[in-house]
Amino acid sequence: MWALFVARTSRCELRRLQSSLSVSNSKIQIPARIKRDPTDILHALESTIVKDSSLHIMKDYLYHDDPYLLPSKKLDYRLYALSYESGKKTAMWIHNEHSNLFPKHLSNPEIETFKPFYTDKNQVSEEILLSAISQCKVSNALHIYKLLDTNVSNGTKQALLELLCFFNNKEWVVKNLKFEQWFSSSKKNYIWKYELEINELFNFLKNQDDPTAAAAYNIMLCGLIKYLKVNEAWELYEECKKKNIPFNLTTWNNIIILFSKVFNKRKVKIEMEHVLKILESMNEDEIKPNIQTLNALLKMIIELKIDNFKDVIKYLIIEFKNMNIKFSLGTYYYIMLGFTIYDHNSYDNFIHILYTVKNKKFTIQDSADTKFFKHAMYLAHKYNNKEAGNMIHEILLKEDNYKFISTAIIESDYYNAYILLLLSTSTIEEFFNSYEKLVPNLYVPTKQLLVDIINEMQYCDPSVLVKYIPRLWSDVNTFCHMEFSIKLIIISLMKNNMLLVNSSLKTIFTNAAWNCWNDMKKQIKLKGKINSIIKTNLVANLAIILLHNDFVKESIEILTFINKLDLFVSMMNRNQINELFDKYISIQCIKGCFLILEYCVNSGFTNINPMIMKLHNLPEFTNDDRDKLINLVGKEILYMLDTKQLN
């Protein structure tokens with residue numbers, strides 16, 4: 001046995017020795033260096049952190065990875081984010097407006113952003129101008145160009161013309177302020193600035209050699225189309241055709257956009273031949289189209305309602321697939337739009353597109369890419385398909401697809417459609433299970449969305465609904481603190497379900513009613529009015545809830561406000577009046593009864609004689625109360641009631 005062990009040990013040692021010899025005799029190969037970004041180590045460390053999938057938090061780190069540390073109001077999301085970037089903008093403003101405060105290069109190594117503003121010709125050169133152009137600093141580039149007395153090469157003038165045409169009305173630095181971009185309006189500001197400088201550069205370059213002139217015509221045409229100078233762009237396009245100016249791929253893509261604008265403006269019907277002619281012209285110039293070409297063609301076909309547009313879309317899809325052009329999300333958006341916008345029986349096409357997209361990985365290639373998820377969720381809501389909505393949301397949360405939600409407006413439209421879809425296709429328990437995962441971890445609901453949810457809740461089973469009213473109240477109180485019109489709708493739900501709740505929920509409902517009234521009272525004292533339009537019957541629900549929970553004094557205070565102040569519209573309904581009056585009668589509260597009668601008289605309610613009789617027959621009713629009642633309803637009515645009572 002011992003010999004066997006030694007033999008085995010020797011064989012193992014021999015193998016280890018042979019292995020080490022073979023390694024030592026082989027040539028050492030150093031692996032190729034992998035280029036790393038400065039933040040790659042941080043991303044690697046982040047990947048080691050175990051995520052809590054139950055939280056589903058997608059908000060920026062600015063708000064912390066904790067739902068309890070998220071902003072408490074929807075407006076605060078914007079305020080916190082923009083204040084985060086306000087320091088950067090302040091520093092930029094100081095550097096631009098007070099350049100004299102930065103006379104030296106104090107940083108080592110030198111920081112490009114902190115370079116002083118140039119004031120003398122000797123400080124600048126063509127290289128510095130090209131550097132400013134490459135950083136898309138429009139005003140700085142123009143300033144340096146003027147300091148150089150326009151004495152620069154044609155290539156630099158072409159670069160400056162491109163800068164002015166593409167970034168005509170804003171500095172590229174805004175793009176680096178991601179939160180400002182996120183909360184900015186989706187509307188674009190199409191203002192054609194620097195017209196004098198652009199015309200000077202263009203008129204000079206177009207009279208140079210053919211390649212220089214062609215480049216100038218191309219960039220000028222693209223700039224005019226981008227800033228919706230349709231008439232000028234069309235005239236320049238016609239001039240280019242007469243002069244046989246060759247177009248590059250970017251210009252061709254913009255020409256397709258121009259065709260769409262011109263045909264739409266002139267109300268001319270576009271035919272399949274126009275689309276084919278564009279592609280044939282590109283082919284003649286040996287220009288291979290790209291995904292932007294396809295998306296521009298699809299957009300034109302859909303907007304101009306070309307005849308047999310579905311067949312044209314299918315033809316383009318096949319042709320571009322044959323060219324091995326990978327579709328972007330914007331392509332699928334236009335396909336989805338084309339097959340659903342004019343056809344209400346296109347559900348199968350919609351589902352097929354979702355399954356096609358589901359297992360693909362996308363990068364942003366076109367501005368239309370950011371429209372896919374919003375429109376897909378809109379269609380899922382339109383078709384009332386919960387499975388489709390969940391599939392779309394799953395795709396959105398996959399890897400880094402959330403980058404396609406590019407602005408707060410798109411995010412709001414997407415989640416509004418998704419939550420309303422869940423609301424219409426789920427039981428109340430299922431809905432709130434999903435709702436609690438989304439709000440506020442992923443999304444803070446808008447005022448209108450909360451109204452839609454509350455209105456839908458009115459049709460739910462009251463025995464189930466009462467459990468979720470406190471959550472709705474908490475969200476409205478948090479996200480729409482001073483929106484009393486919404487808060488009072490929830491109060492009406494509380495009032496309608498008071499008889500079904502236990503003592504703990506009654507306390508919650510009572511506190512909600514009293515806190516809501518106190519907030520309203522504060523606004524009345526500060527501004528003399530309520531910002532939103534409030535219906536009296538909704539305010540009356542506050543008094544009813546308080547009265548049912550023995551807050552008699554507080555309910556009287558609310559009714560006193562209703563009678564004395566012309567702050568509310570509409571009227572209490574008869575059921576509310578009877579409920580309040582009968583409750584005051586049952587607890588023998590004469591003051592409350594008088595307030596209800598006063599409201600009925602002032603509002604023109606008829607058939608109040610039974611109420612007067614009930615009040616008059618209370619044991620606590622005094623002669624002073626009788627005189628007050630006579631002043632309110634008239635001596636004749638009271639005499640008539642006395643006569644009926646005697647008979």
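Begin by selecting T293, which counts as buried because its relative accessibility is 0%, below the 20% under which a residue is called buried. The model you have open is a predicted one, and T293 has its place in helix α13. With T293 still selected, show the residues around it: leaving aside its neighbours within four places in sequence, T293 is in contact with L249, N253, I256, M282 and F320.

From α13, which spans residues 291-303, step back to the loop that joins it to α12 (272-284), and select D285, which lies in that loop. D285 counts as partly exposed, because its relative accessibility is 36%, whereas T293 is buried at 0%. Add E280, E284 and E286 to the selection, and you will have the residues that, with D285, form a negative surface patch.

For a surface patch of another kind, move to helix α2, residues 40-47, and select L42, whose place is in that helix. L42 is exposed, because its relative accessible area is 53% and the cut-off for exposed is over 50%. Together with I41 and L45, L42 forms a nonpolar patch on the surface, and the accessible area of the three together is about 310 Å².

Next, select helix α5, residues 138-147, and colour V138, A141, L142, I144, Y145 and L147, which are its buried residues. An α-helix has 3.6 residues a turn, so residues three or four places apart point the same way. To see what covers the buried residues of α5, display the helices α4 (126-134), α6 (154-166) and α8 (195-205), which are included in that cover. Before leaving this region, look just after α5, where D149 takes a positive phi of about 60 degrees.

Now go on to helix α21, residues 447-457, in which L449, L450, V451, I453, I454 and M457 are buried. Which helices do the buried residues of α21 pack against? Display α19 (408-425), α20 (428-438), α22 (462-465), α23 (469-479) and α24 (484-496), since these are the helices against which the buried residues of α21 pack.

From α24, follow the chain into the loop that leads to α25 (503-527), and select N502, which has its place there. N502 counts as partly exposed, because its relative accessibility is 44%. As a last stop, select V466 along with N502: the two are 36 residues apart in sequence, and their C-alpha atoms are 9.7 Å apart in space.

Notes
Residues numbered from 1 in each chain as written. Predicted model: local features only at pLDDT ≥ 70, side-chain atom pairs only at ≥ 80, totals over all residues. Heavy atoms only, no water. Buried < 20%, exposed > 50% of the residue type's maximum accessible area, 1.4 Å probe, protein only. Helix = DSSP H or I, 4+ residues; strand = E, 2+ residues; numbered from the N terminus. Contact = heavy atoms within 4.5 Å. Patch = residues over 30% accessible without salt bridge, like charges linked within 9 Å, V, L, I, M, F, W, Y side chains within 5 Å. Areas by Shrake-Rupley, 256 points an atom, 1.4 Å probe, with all protein chains shown as cover. Salt bridge = Lys/Arg side-chain N within 4 Å of Asp/Glu carboxyl O. Lys, Arg positive; Asp, Glu negative; His and termini not counted. Charge placed at Lys NZ, Arg CZ, Asp CG, Glu CD.
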